[in-house]
Amino acid sequence: MKTPGKNTEIIISFLLLSLIWNLECREMSGPSMNLVKKIEKCDSTEGHTIKVEKYRINRYNQTVYTYDGNIELQTELRDEDTEINIMVEKWGNGGWKRNFLRRIPNACSSAEKFAPNYVQSIMKQANITGCPIPAGHYEAKDLVVNVDVAYPIPYGLYRSQVDMFKNGTIIFCIRFILDIVPLD
């Protein structure tokens, strides 16, 4: 019987590694809890017409965090003249690695598609029915901040910065840490 050659060994090794990688990737995402661990202001908030003050995240239990804070909206937000810039970094190998940067038009309707239950809970607490969102003072008290994202995201720790623009001018910026963990 002839022994396998070097090329055959390489092909078999590659196929086994591909199979292992495929099985590992299945464990990298799936049903998850998306926990907002930290919210922080951006470096510069000068000139912003959306102000967030006295905000904090409280740990309600092991899997639920709540948010308290005041939001001052100095201008009405209409879907057609707002857009969001999202920058996402993932923690890995001892540092943050950028893995997503996107500008999304129609901020209000896009947020409702991306995290529908989360956006609805915010609007319900603020007594808002949808866009346009009127200028005013809004207070969040014990708002659950477990973000249910409509798209699968691999498990891990993420840092995100969200910039909101109105007619091309930045009006809001916030950073947060999001931990994507498997459901038990």
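**Sheet and core of a predicted chain**

In this predicted model, R56 sits across from D68 of strand β3. Strands here are DSSP E runs of at least two residues, helices are H or I runs of at least four, and both are numbered from the N terminus. β3 covers residues 65–73 and is tied to β2 by 8 bridges, the two running antiparallel; strands count as paired if DSSP finds at least two bridges between them. Together with β6 they make an open, antiparallel sheet of 3 strands, ordered β2-β3-β6. β2 (50–59) and β6 (136–144) are the edges, each pairing on one side only.

Numbering starts from 1 along each chain as its sequence is written. Local features need pLDDT of at least 70 and side-chain atom pairs pLDDT 80 or more, while totals for chains, interfaces and linings use all residues, and side-chain values rest on heavy atoms, with hydrogens and water left out.

Overall, the chain has 3 helices and 8 strands, laid out along the sequence as α-β-β-β-β-β-α-α-β-β-β. Of its 184 residues, 36% are buried (under 20% relative accessible area, against over 50% for exposed and in between for partly exposed; 1.4 Å probe, protein chains only).

As for the inside, the largest nonpolar core (buried Ala, Val, Leu, Ile, Met, Phe, Trp, Tyr and Cys joined through side-chain atoms within 4.5 Å) holds 30 residues, and I50, L77, I133, M164 and F172 touch the most other members. Strand β8 (169–182) is the top contributor, with 5 residues. Beyond its neighbours within four places in sequence, M164 has contacts (heavy atoms within 4.5 Å) that include I50, L77, E83, A107 and F172.
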